[in-house]
Amino acid sequence: MSLTDSEWKIMNCLWRHSPLTARDVLEELEEETEWAYTTVKTLMNRLVDKGMLEARKRANTSYYRPLLSRAQARSEAFHSFLERAFDGTLAPFLGFLKEEDLSAAERRTLKRMLEEREEADGSDA
């Protein structure tokens with residue numbers, strides 16, 4: 001299930017600090033958004049309905065924590081993007097990546113990741 005841009009903002013906030021109340025999230029995001037409290041509460045309840053957040057009541061206040069990890073969300077977002085933009089295959093994406101200006105550190109990281117994958121595939125054979 002994909003996240004909207006607004007939901008990403010809330011999830012990023014909760015991945016940094018949790019559990020938080022809707023008021024806490026509003027205060028955390030006030031510099032980058034002009035959301036009202038009701039907007040934050042609606043978005044957070046939508047995330048609860050999607051199964052991405054858990055809400056626990058203490059007295060009359062709900063505290064929220066992520067049920068979806070940042071890594072899971074990124075993986076789902078990448079696969080969704082790959083499906084929409086590159087017909088679900090990596091080859092055209094890698095061709096696109098080749099055209100990008102990657103820093104030396106990014107190239108080293110990519111090379112290391114590919115080498116690790118080759119080693120893992122080799123040990124399975």
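Guide: A charge counts as sitting over a ring when NZ of Lys or CZ of Arg is within 6 Å of the ring centre and within 35 degrees of the ring normal. This is a predicted model, where local features need pLDDT of at least 70 and side-chain atom pairs pLDDT 80 or more, while totals for chains, interfaces and linings use all residues. Residues are numbered from 1 along each chain as its sequence is written, and side-chain values use heavy atoms, leaving out hydrogens and water.

Visitor: What makes you say that Arg58 lies over the face of Tyr63?

Guide: Arg58 is 4.1 Å from the ring centre of Tyr63 and lies over its face, so the 6 Å limit is met. Arg23 does likewise with Tyr37, lying over the face at 4.2 Å from the ring centre.

Visitor: Why are Phe81 and Phe86 called an edge-to-face pair?

Guide: Rings of Phe, Tyr and Trp (its six-membered ring) pair if their centres lie within 6.5 Å; planes under 30 degrees apart are stacked, over 60 edge-to-face, the rest tilted. The structure holds 2 aromatic pairs. In one of them, Phe81 and Phe86 are 5.5 Å apart centre to centre with 75° between the planes, so both tests are passed and the pair is edge-to-face.

Visitor: How do you know whether Phe86 is buried or exposed?

Guide: Buried means under 20% relative accessible area, exposed over 50%, and partly exposed in between (1.4 Å probe, protein chains only). Phe86 has 12%, so Phe86 is buried. Its partner Phe81 has 32% and is therefore partly exposed.

Visitor: And what makes Phe78 partly exposed?

Guide: Phe78 has 28% relative accessibility, so it falls in the in-between class. Phe78 belongs to helix 4 (residues 70-86); helices (H or I, at least four residues) and strands (E, at least two) are DSSP runs, numbered from the N terminus. Setting aside residues up to four places away in sequence, Phe78 touches Leu90 and Phe93, contact meaning heavy atoms within 4.5 Å.

Visitor: Why are helix 1 and helix 2 called roughly perpendicular?

Guide: Angles under 35 degrees are roughly parallel, over 145 roughly antiparallel, 65 to 115 roughly perpendicular and the rest oblique. Helix 1 (residues 5-16) and helix 2 (residues 22-29) pack at about 105°, with their axes 10 Å apart, so roughly perpendicular is the right label. Axes here are lines fitted to C-alpha atoms, for helices over the stretch in contact, with angles from 0 to 180 degrees between N-to-C directions.

Visitor: Which residues in helix 1 and helix 2 meet?

Guide: Lys9, Ile10, Cys13, Leu14 and Arg16 in helix 1 meet Val25, Glu28 and Leu29 in helix 2. By class, that contact has 5 nonpolar, no polar and 3 charged residues (Ala, Val, Leu, Ile, Met, Phe, Trp, Tyr, Cys and Pro are nonpolar; Asp, Glu, Lys and Arg charged; the others, Gly among them, polar).

Visitor: What sits in the loop between helix 1 and helix 2?

Guide: Thr21 is one of its residues, and at 9% relative accessible area Thr21 is buried. Beyond its neighbours within four places in sequence, Thr21 contacts Met44, Thr61, Ser62, Tyr63 and Tyr64. Pro19 is in that loop too, and the peptide bond from Ser18 to Pro19 is cis, with omega near 0°.

Visitor: How do you know whether Ala59 is buried or exposed?

Guide: Ala59 has 77% relative accessible area, so it is exposed. Ala59 sits in the loop between strand 1 (53-58) and strand 2 (61-66), and has a positive phi of about 60° though it is not a glycine. Asp87, also a non-glycine, has a positive phi of about 55°; at 67% Asp87 is exposed, in the loop between helix 4 and helix 5 (90-99).
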